[in-house]
Amino acid sequence: MRIAVYPGSFDPVTFAHLEIAARATRLFDRVVMAVFDRPQKHVLFSTEERLALLRVATADIPGVEAASYNTLTVEFARSLGAVALVRGLRTVNDFEAEYALAQLNQDLEPAIEVVLLMASRRYAHVSSSAVRELASLGRDPVEYVPPPVLAALRQKYAQRG
Ligand code: ADP
């Protein structure tokens with residue numbers, strides 16, 4: 001059983017994230033999409049909300065599951081017996097940040113490989129921040145997120161007014 005952890009903020013999860021996870025199941029038996037509980041950046045959805053959305057969004061994708069964690073990513077991965085971390089790459093900007101992160105994680109845990117999957121043409125322009133911005137301006141990002149995420153975005157911005 002080869003397990004990979006796909007860590008992220010997933011604030012909220014998009015079709016781009018889900019596509020990367022689904023593609024990763026070609027390489028791994030189980031892909032655990034893992035919400036980091038304590039991101040440095042400001043988040044719109046709480047950890048519980050991000051995890052709940054990830055759970056429904058991954059329910060129908062064979063081999064993909066959802067979790068959250070509050071330790072170092074490599075420690076969480078090791079606790080699951082994972083052999084790799086999966087991340088997605090869109091742009092050159094992503095590359096710089098992902099490369100630094102991969103080096104850090106490989107210093108921390110050399111036994112865990114970092115696997116970067118290239119964004120697909122279809123979803124390369126999709127980001128959680130774009131989705132939040134569209135929703136905040138009253139436009140449903142229907143092409144970018146599954147229906148439960150749309151509903152959660154609507155509710156969040158309705159609360160905020
Ligand atoms: P972060 O984990 O940096 O806070 P996200 O939760 O948005 O950011 O993204 C998690 C991972 O998914 C990152 O590796 C990011 O590069 C990747 N990713 C995000 N959007 C896309 C996309 N449109 N195509 C491919 N990979 C993506």
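Helices are taken here as DSSP runs of H or I with at least four residues, numbered from the N terminus. In this predicted model, helix α3 comprises residues 73-80 and contains Arg78. The relative accessible area of Arg78 is 49%; because exposed residues are those over 50% and buried ones those under 20%, this residue is classed as partly exposed. Arg78 is separated from Arg55 by 23 residues in sequence, and the C-alpha atoms of the two residues lie 21 Å apart in space.

The ligand occupies the largest pocket of the model. Its surroundings comprise 19 residues, of which Ser9, Lys41, Gly88, Tyr123 and Val126 come nearest. By residue class, the shell around the ligand consists of nine nonpolar, five polar and five charged residues. Several elements contribute to this shell: strands β1 (3-8) and β4 (84-89) and helices α1 (15-24) and α4 (92-108) each provide at least two of its residues.

Polar atoms of the ligand are approached both by side chains and by the backbone. The side chain of Ser9 places an N or O atom 2.4 Å from an oxygen atom of the ligand. For the side chain of His17, the corresponding distance from an N or O atom to a ligand oxygen atom is 3.2 Å. At Val126 the backbone takes part, with an N or O atom 2.8 Å from a nitrogen atom of the ligand. On its own the ligand has 540 Å² of accessible area, and the protein covers 88% of that area.

The loop between β1 and α1 holds several residues of note, among them Phe10, Asp11 and Pro12. Most residues other than glycine have a negative phi, and most peptide bonds are trans. Phe10, although not a glycine, has a positive phi of about 50°. The peptide bond from Asp11 to Pro12 is cis, with omega near 0°. Phe10 has a relative accessibility of 3% and therefore counts as buried, the limit for that class being under 20%. Asp11 is likewise buried, since its relative accessibility is 3%. The side chain of Asp11 also forms a polar contact with the backbone, reaching the nitrogen of Phe45 at 2.9 Å.

Two further loops were examined through individual residues. Asp37 is located in the loop that runs between β2 (30-36) and α2 (47-58). With a relative accessibility of 29%, Asp37 counts as partly exposed, because the value falls between the cut-offs of 20% and 50%. Asp37 and Val56 are 19 residues apart in sequence, and their C-alpha atoms are 18 Å apart in space. Ser120, in turn, belongs to the loop between β5 (113-118) and α5 (128-136). The relative accessibility of Ser120 is 15%, so this residue counts as buried. A polar contact of 2.9 Å links the side chain of Ser120 to that of Glu19.

Methods. Residues are numbered from 1 along each chain as its sequence is written. This is a predicted model: local features need pLDDT of at least 70, side-chain atom pairs count only at pLDDT 80 or more; totals for chains, interfaces and linings use all residues. Side-chain values use heavy atoms; hydrogens and water are left out. A residue is near a molecule or strand if one of its heavy atoms lies within 4 Å of it. A polar contact is a pair of N or O atoms within 3.5 Å; within protein, one must be able to donate a hydrogen and the other to accept it, and residues adjacent in sequence count only if both atoms are side-chain atoms. Accessible areas come from the Shrake-Rupley method with a 1.4 Å probe; for residues, only the protein chains shown count as cover. On a 1 Å grid over the protein atoms alone, a cavity is a set of points where a 1.4 Å probe fits but cannot get out, and a pocket is an open set with protein on both sides within 12 Å along at least five of seven lines; lining residues have an atom within 4 Å of a point. A molecule sits in a cavity or pocket if more than half of its atoms lie within 2 Å of its grid points. Ala, Val, Leu, Ile, Met, Phe, Trp, Tyr, Cys and Pro count as nonpolar, Asp, Glu, Lys and Arg as charged, and the others, Gly among them, as polar. Buried means under 20% relative accessible area, exposed over 50%, partly exposed in between (1.4 Å probe, protein chains only).
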